[in-house]
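Biologist: Could you take a close look at the pockets of this model for me, and then follow the chain into the strands that lie around them in your account? I would like one connected description that I can read beside the coordinates.

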Amino acid sequence: MKNGVSCMLMRGGTSKGAYFLSDDLPADPRQRDELLLRILGSPDARQIDGLGGAHPLTSKVAVVDRREHDIGYLFLQVSVEQALVSSRQNCGNLLAGVGPFAIERGLWPSSPGRTEVPIHMHNTGARATAVVETPDGVEYDGEAAIDGVPGTAAPILLNFQDTAGEHGLLPTGNVTDVVAGTPVTCIDNGMPTVIVRAAELGIDGEETPKELEGDARLRERVEAIRLEAGRLMHLGDVSEATVPKVSIVSNARRGGAVCTRTFIPQRVHEAIGVLGAASVAVSLALPGSVAFDERALGRPRLAIEHPTGAVDVEVELDGDRVVRTGLVRTARPIMDGTVYPRPRLQ
């Protein structure tokens, strides 16, 4: 690896990550993860000696390969301050960059106008189709705006299929559970998520991420809920895992369907993850859930408010089965070239 590794740094949705071809990384997962820690600069709070941006939202990796009929996408969350790489979750934001990256790397042919790129998410087996603007190759400039990202860019429509987790949409088997003394809904529409109402935690729900992170008692309670819910959701001991996330919901403030604040899990998201938003959206339309709102029933599009705006999610339900989840993201390449991993730590 002294000659470096081919890499494209991209913004995908409201996240940023390093995109690699699978063939450019070691096949052995342990060797791959060790290399990625050195490339991102972990463990180090500033990730000063690597590509990471000192935050979970900017310490991410997409590993992409060509399969027989689609594109394979493995998401890896690289911890900032720990020597830990996790493949236990999907990332819908980095997913937005997979279609453009696959076309740019010649893994998928471009079509005049728009190109549909079918994507298999290796983490969970779920499928998605990314619709990429390709008037003459990939077009990144456009008029689509997503909250949490300055400016505008070309839209990338993401349609999800088969997003329910291994243990179904409701992994505990219940619409509502009492976890650590708190009513919650444990749901997995592509992201294992614990939904809890802000009032149950004694907060308003519109606090800033910094305010929530600074409340030690709240953080301890949220983590207690997450650890117990993880076991109920068949995830085992999640003390060192990045899932489930905990989304705190309250009444919408800016004309949306609901207001959210999401622990991911120790830090609070500056926006909301794509598949986390998809899980929250389903909970709104699921009778009996802690977030249920009759006004969500039959609405083709739900605006999920977050600290820096909102994300529109389209959900089609057939009873408690999710037929389709769709939303618009944008993506942009930031750097394409060779990254040089730091030396191994002693």
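Modeller: In this predicted model, the second largest pocket holds about 340 Å³ of space. Its lining is made up of 22 residues, and those closest to its centre are Thr124, Gly165, Glu166, Asp188 and Leu235. Sorted by character, the lining of the second largest pocket comprises seven nonpolar, eleven polar and four charged residues.

The largest pocket, for its part, encloses about 610 Å³ of space. Here 36 residues form the lining, with Pro56, Thr242, Ile264, Pro265 and Gln266 the closest to the centre. The lining of the largest pocket divides into 14 nonpolar residues, 17 polar ones and five that are charged. As for the elements involved, β4 (71–78), α2 (92–104), β12 (245–250) and α5 (274–284) each contribute at least two residues to this lining, and α5 gives the most, namely three residues.

Of these elements, β4 can be followed back to its partner strand, β3. The two pair in the antiparallel sense over seven bridges, and a hairpin of four residues joins β3 to β4. Within that pairing, aspartate 65 has glycine 72 in β4 as its bridge partner. Strand β3, which spans residues 60–66, is mostly covered, six of its seven residues being buried.

β3 also pairs with strand β2 (residues 15–21), in this case in the parallel sense and over five bridges, and phenylalanine 20 stands opposite valine 63 of β3. Taken together with helix α1 (residues 29–40), strands β2 and β3 make a right-handed β-α-β unit. Strand β3 therefore has two partners in this description, since a pair requires that DSSP find at least two bridges between the strands, and the pairings carry five bridges with β2 and seven with β4.

One residue outside these strands deserves a separate remark. Proline 150 lies in the loop between β7 (127–134) and β8 (156–161). With a relative accessible area of 75%, proline 150 counts as exposed, because that class begins over 50%. Its C-alpha atom is separated by 15 Å from the C-alpha atom of histidine 306, a residue that is 156 positions away along the chain.

Definitions and conventions:
Residues numbered from 1 in each chain as written. Predicted model: local features only at pLDDT ≥ 70, side-chain atom pairs only at ≥ 80, totals over all residues. Heavy atoms only, no water. 1 Å grid on protein atoms, 1.4 Å probe; cavity = no way out; pocket = protein on both sides within 12 Å on 5 of 7 lines; lining within 4 Å. Points joined across faces, edges and corners; volume = space filled by probe spheres on them. Nonpolar A, V, L, I, M, F, W, Y, C, P; charged D, E, K, R; others polar. Buried < 20%, exposed > 50% of the residue type's maximum accessible area, 1.4 Å probe, protein only. Right-handed = clockwise from strand over helix to strand, strands pointing away.
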